[in-house]
Amino acid sequence: EQKKATWLANGHGRMNDVVEAKEFFDSVKKSNKVIAFFYRNPSKYSDVMHQHLQKLAKTHIETKFFRIDADKANFLVDFLKIWMIPS
């Protein structure tokens, strides 16, 4: 129960939108398990992936889920070597 409360307080259990690299790295340091979803609008594939990840975030609260707009996060895309969207 203590872990669950900590996870929920840190934004687990839902999809989090991230814009700045600093915000991303600060959040990642607080979580052992992270899924970072890079997307581009408009994209039907990104929309479908987002829907599935939202469902997974609710059932896997031990993992923090992020959604990152690849067009607004050039540093993260380069740093993490993202080469395909959605990724």
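This section describes the sheet, the helices that pack on it and a surface patch in a predicted model.

The model contains an open sheet of 3 strands, arranged in the order 1-3-2 with parallel pairing. Strand 1 (15-18) and strand 2 occupy the edges; each has a single partner strand, so one side of each is left without a neighbour in the sheet. From one strand to the next, the twist averages 30°.

The pairing of strand 2 (residues 34-39) with strand 3 (residues 64-69) is parallel and comprises 6 bridges. Within this pairing, A36 has F66 of strand 3 as its bridge partner, and F38 is matched with I68 of strand 3. Between the two strands the chain passes through helix 3 (residues 44-59), and the resulting β-α-β crossover from strand 2 to strand 3 is right-handed.

Two helices are in contact with the strands of the sheet. Helix 3 lies across strand 1, strand 2 and strand 3, and its direction makes about 160° with strand 2. Helix 2 (residues 21-29) likewise packs on the sheet, where it touches strand 1, strand 2 and strand 3. The direction of helix 2 makes about 170° with that of strand 3.

A nonpolar patch is found on the surface, formed by F75, F79 and L80. Together these residues present about 300 Å² of accessible area. Of the patch residues, F75 is located in helix 4 (residues 74-79).

How values were computed:
Residues are numbered from 1 along each chain as its sequence is written. This is a predicted model: local features need pLDDT of at least 70, side-chain atom pairs count only at pLDDT 80 or more; totals for chains, interfaces and linings use all residues. Side-chain values use heavy atoms; hydrogens and water are left out. Two strands pair if DSSP finds at least two bridges between them. Helices (H or I, at least four residues) and strands (E, at least two) are DSSP runs, numbered from the N terminus. A crossover is right-handed if, with the strands pointing away from the viewer, the path from the first strand over the helix to the second runs clockwise. Patches are made of residues with over 30% relative accessible area and no salt bridge: like charges are joined within 9 Å, nonpolar side chains (Val, Leu, Ile, Met, Phe, Trp, Tyr) within 5 Å. Accessible areas come from the Shrake-Rupley method with a 1.4 Å probe; for residues, only the protein chains shown count as cover. A salt bridge is a side-chain nitrogen of Lys or Arg within 4 Å of a carboxyl oxygen of Asp or Glu. Axes are lines fitted to C-alpha atoms, for helices over the stretch in contact, and angles run from 0 to 180 degrees between N-to-C directions. Contact means heavy atoms within 4.5 Å.
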